[in-house]
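Grab a pencil and open the viewer. Here is a short set of exercises, each with a solution you can follow step by step.

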Amino acid sequence: MSWQAHLVLVVGAVLTTLFVLRLVRRRELRGKYSLLWLGAVGGFLVLAIVPGLLNWVADRLGVGYAPAILFCLAFVFLLLVVVHLSWELTRLEDRTRRLAEDLALLQSELDDESV
Amino acid sequence: MHKTLVVIPAYNEEESLPGVLKELHEQVPGFDVLVVSDGSDDATADVARAGSARVLELPYNLGVGAALRVAFRYAAAGGYERVVQVDADGQHDPLVLEMLLAPIDDGADLVIGSRFAAGGAVTYEVSATRRRGMALLRRLVRMLTGQRFTDTTSGFRAFSQPIVTFFATSYPSEYMGDTVEALVEACNAGFTVTEVGVNMRGRGGGAPTTRGFRLFYYYVRLVVVLVASAGRTPRRQG
């Protein structure tokens, strides 16, 4: 990789980190999600700073085209994030449904009392 | 006599709760008691009602911070002048409640019952991870607030009316945020925070909530949130 490419990667990683921290500071991102993205950026940064690392891993795994590992990792990571988000979404849907049920039952109790 | 509310966040504490409520009734009969059942699967809410406490039942488990949040809203709406948080597992001795509340009457906004300050004591074992984590948090909180606290994760605390109103809308609800983050936030918002040494007993029942790797993860997460929020000055209402 050229030094320009390195620079772009490092600057991108730093900006992403600052952006994530800013969201946490403004209470727009919960701590548990921030760790996920900070971890991903950290991994990316390591690969960017240690240029031989990716080639070394590719060598050990017998992968001919080193960047393919990067794409593969990114794909798996994003896939896991999406699965996790659908899991969270399911949980949230269950919870809002339960809230609505509770509210309806409470309302009917109130109606009974006011009669 | 100040209007005082004792708040007990409880998650599946049907075994230890009756003893705690009984002690409270004997030691501080003038205080109102509010149990927040945090999505308990057992008879926590029924036991609390039987012990003539007020009960708020959360529909599912949301964590101590969320339980406190709703308790603060309740206290703010009820016009309570002092709120004190007590654990449901019997770790906190009602005998020292007045000691914890005394600084509130002298103008403090948040009083932390410390196991490690002068006069405080622990009569139970603390795991190595937890001990190291607590030491790290002590240093971090000192850096962020410029104030020295010996027990940043204590759940035995007293609150003044202004800080209850403040926390009713802004209390941190993530695990451990409810203690350390709240402490830092109170300092940042210009509230007076002090510490009182108190003796804590072993748990009446149940195991510590987390340990090992999970606990480590929570510490890392908390440090990230604290560092990210450093110097942030939340808007103080009223």
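The exercises below go through a predicted model, starting with chain A and then moving to chain B.

**Exercise 1. Work out the fold pattern of chain A, and decide whether chain A is spread out or a compact globule.**

Solution. Start with the secondary structure: chain A has four helices and zero strands. Written along the sequence, that gives the pattern α-α-α-α. Next, take the radius of gyration, which is 23 Å for chain A, while the globule rule gives 13 Å for 115 residues; the value is well over the rule, so chain A is more spread out than a compact globule. Then look at the C-alpha trace, which spans about 80 × 35 × 15 Å along its principal axes. To finish, check burial and contacts. Just 7% of the 115 residues of chain A count as buried. Of the chain A contacts with a separation of 6 or more, 39% are between residues 24 or more positions apart.

**Exercise 2. Find how helix 1 and helix 2 of chain A are oriented, and list what sits in their contact.**

Solution. First, locate the pair: helix 1 of chain A covers residues 3-25 and helix 2 of chain A covers residues 31-49. Their axes come within 10 Å and cross at roughly 170 degrees. An angle over 145 counts as roughly antiparallel, so that is the label for helix 1 and helix 2 of chain A. Now the residues. Helix 1 of chain A brings A:His6, A:Leu9, A:Val10, A:Ala13, A:Thr16, A:Thr17, A:Val20 and A:Val24. Facing them from helix 2 of chain A are A:Gly31, A:Ser34, A:Trp37, A:Leu38, A:Val41, A:Phe44, A:Leu45 and A:Ala48. Sort this contact by class and you get 11 nonpolar, five polar and no charged residues.

**Exercise 3. Take A:Ala48: is this residue buried or exposed, and which residues is A:Ala48 in contact with beyond its sequence neighbours?**

Solution. Place it first: A:Ala48 belongs to helix 2 of chain A. Then count C-beta neighbours inside 10 Å; there are 20, so A:Ala48 counts as buried. Set aside the neighbours within four places in sequence, and the contacts of A:Ala48 are A:His6, A:Leu9, A:Val10 and A:Ala13. For a distance check, A:Leu15 is 33 residues from A:Ala48 in sequence, and their C-alpha atoms are 14 Å apart in space.

**Exercise 4. Describe chain B in outline and say how many of its residues touch chain A.**

Solution. Begin with the elements: chain B contains eight helices and nine strands. Burial comes next, with 45% of the 238 residues of chain B buried. Among chain B contacts between residues at least 6 apart in sequence, 79% join residues at least 24 apart. As for the interface, 10 residues of chain B are in contact with 13 residues of chain A. The chain B side of that interface splits into six nonpolar, one polar and three charged residues.

**Exercise 5. Work out the geometry of helix 3 against helix 6 in chain B.**

Solution. Helix 3 of chain B (residues 64-78) and helix 6 of chain B (residues 161-170) have axes 8 Å apart and pack at about 135 degrees. That makes helix 3 and helix 6 of chain B oblique to each other. The handedness of their crossing is left-handed. Contributing to the contact are B:Phe72, B:Arg73, B:Ala75 and B:Ala76 from helix 3 of chain B, plus B:Val164, B:Thr165, B:Phe167 and B:Ala168 from helix 6 of chain B. By class, that is six nonpolar, one polar and one charged.

**Exercise 6. Explain why helix 7 of chain B counts as largely enclosed, and name what surrounds it.**

Solution. Count first: 10 of the 12 residues of helix 7 of chain B (residues 177-188) are buried, so this helix is largely enclosed by the rest of the structure. Among the buried ones are B:Val180, B:Leu183 and B:Val184, along with B:Asp178 and B:Glu181. Now look at the partners: the buried residues of helix 7 pack against helix 3, strand 5, helix 5, helix 6, strand 8 and helix 8 of chain B. After helix 7 of chain B comes B:Gly190, with a positive phi near 85 degrees.

Terms used. Residues are numbered from 1 along each chain as its sequence is written. Chains are lettered from A and ligands numbered from 1 in the order in which they are written. This is a predicted model: local features need pLDDT of at least 70, side-chain atom pairs count only at pLDDT 80 or more; totals for chains, interfaces and linings use all residues. Helices (H or I, at least four residues) and strands (E, at least two) are DSSP runs, numbered from the N terminus. The radius of gyration is taken over C-alpha atoms; the globule rule is 2.2 Å times the number of residues to the power 0.38. Two residues are in contact if their C-beta atoms, placed from the backbone, lie within 7 Å. Ala, Val, Leu, Ile, Met, Phe, Trp, Tyr, Cys and Pro count as nonpolar, Asp, Glu, Lys and Arg as charged, and the others, Gly among them, as polar. Axes are lines fitted to C-alpha atoms, for helices over the stretch in contact, and angles run from 0 to 180 degrees between N-to-C directions. Angles under 35 degrees count as roughly parallel, over 145 as roughly antiparallel, 65 to 115 as roughly perpendicular and the rest as oblique. A crossing is left-handed if the near helix is turned anticlockwise from the far one by less than a right angle, and right-handed if clockwise.
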